[in-house]
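Thanks for making time this morning. I would like to walk you through some strand pairings, so please keep the viewer open while I talk.

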Amino acid sequence: MRAMLFCFCCLSMFNAQGQNITGRFEAALVLADSIESWQSKGSGLIRGEENALEWQQGFIAGRFDLNRNWQAKAVINAYADGEKHLGFTQAYLQYKPLSPKQIKFKSKIGMFYPAMSIENTSEGWLSPYTYTQSAINSWIGEELRTIGGEAAWSSNGRRQGSPWSWELNLGIFKGNDPLGTLIAWRGFAMHDRQSLHHDKVQFAPVDSIININDIGSPTWLKPFVEIDGDWGAYIGFHLSYLRETNMRYYYYDNRADPNAINAERLYGWHTKFHSFALQHQLDANWRFMAQFLSGSTLMGNRSVFTDFVSAYLAASYATGKHRATVRIDYHAVNEEDTKPEDQNDSSGKGMTVAWRYQYTAVVELGAEVHQHRNDVANRAQLGLNQRQIQSQLRLVLAYTF
């Protein structure tokens with residue numbers, strides 16, 4: 001927290017010069033089943049491990065105008081749990097010139113999220129709907145980041161007299177070679193913790209993974225390391241109708257060499273997937289959202305090969321200072337590799353009901369009930385029941401500025 005406050009003070013000096021600094025601090029009373037999470041090298045797939053009053057997270061986001069066309073943006077996050085507690089989750093330069101052209105150009109370079117999520121649209125890549133994010137966006141937050149560049153072309157329908165607007169994104173990146181490790185060796189989890197740029201993410205010490213005479217991997221990964229020197233790429237297309245419907249499609253391929261391994265015995269995982277997201281504003285109060293993700297990941301000479309799929313449906317109702325959201329999640333990982341003794345099958349269903357109340361301009365109160373039913377095959381190697389039902393209640397107090 002002292003480091004967080006120091007960073008805030010430094011960024012505030014820039015704010016005094018007319019730049020924009022925002023942030024959020026969030027604490028919660030958590031009532032959860034006593035199951036250790038992956039962060040404690042346990043088998044649980046939600047953040048809560050016990051009944052406790054907890055510091056959930058905090059972030060400071062800064063935007064600094066360098067000139068008319070260039071901006072520098074950064075987000076610093078602080079967590080009480082996990083291996084690392086303070087660091088950057090985003091830091092990049094954005095080029096966005098004013099232009100009278102019908103098709104406009106913009107670009108980014110640095111560390112940032114591809115804009116494939118319609119759920120995590122608040123500052124700091126948080127969700128304005130729930131506190132526990134979908135399985136899809138929980139995974140993106142912990143394992144995926146663009147460390148490279150993106151170019152985008154867009155057309156605003158209102159300026160063209162058309163109800164349709166569109167945007168095309170092309171990105172290239174490095175530093176995402178371990179992508180896929182967690183969903184293969186742990187399964188999808190559901191939470192709201194984003195991995196920091198220098199983070200280590202822990203998971204359970206399953207014997208078939210750590211056995212030095214076999215795979216011999218550590219029981220942690222560094223999500224944003226480069227192993228093979230190759231570039232990954234993605235393409236995204238956004239299509240909007242009026243201000244009612246928003247669709248986003250992305251194809252992502254990290255192009256990692258599945259036979260590459262570094263000195264820490266972290267492997268390259270060739271991971272590729274399709275993501276399709278849809279949001280529809282039914283009226284002034286009701287909003288519906290859905291996202292579907294389907295892909296595969298390969299490590300070694302088919303030592304690990306899995307197909308994975310995840311999807312969610314959500315409905316959100318807002319009136320006055322209140323917003324209530326219901327979301328259902330599904331996810332599954334199916335192995336098709338040459339090492340059946342290293343079980344990679346997992347599946348799960350989640351139900352999340354959240355209420356958020358904007359008590360004042362800067363204070364938010366909230367409550368959320370979340371249940372996650374999941375089945376992970378490699379728990380058998382830990383002497384645990386493969387099937388778990390985890391429940392969590394969060395009563396949240398948040399301060400934003």
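**Strand pairings in two regions**

Let me begin with a single pair of residues: M351 has Q371, in strand 17, as its bridge partner. Please bear in mind throughout that we are looking at a predicted model.

That pair belongs to a wider arrangement, in which strand 16, covering residues 346-358, and strand 17, covering residues 363-376, are paired in the antiparallel sense over 13 bridges. With 4 residues between them, strand 16 and strand 17 form a hairpin.

If we now turn to the next partner of strand 17, we find strand 18, residues 387-400, which runs antiparallel to strand 17 and is joined to it by 13 bridges. Here the example I would pick out on your screen is H370, which stands opposite Q392 in strand 18.

Now to the second region, and a question for the group: how many of the 10 residues of strand 6 are buried? The count is 8, so to speak of strand 6, residues 146-155, as mostly covered is fair.

Strand 6 also has pairings to describe, beginning with strand 5, residues 104-112, which is antiparallel to strand 6 and joined to it by 9 bridges; within strand 6, W153 is the residue that F105 stands opposite. Strand 7, residues 164-174, is likewise joined to strand 6 by 9 bridges, and these two strands run antiparallel. For that pairing, the example to display is S155, whose bridge partner in strand 7 is W166.

Notes: Residues are numbered from 1 along each chain as its sequence is written. This is a predicted model: local features need pLDDT of at least 70, side-chain atom pairs count only at pLDDT 80 or more; totals for chains, interfaces and linings use all residues. Side-chain values use heavy atoms; hydrogens and water are left out. Two strands pair if DSSP finds at least two bridges between them. Buried means under 20% relative accessible area, exposed over 50%, partly exposed in between (1.4 Å probe, protein chains only).
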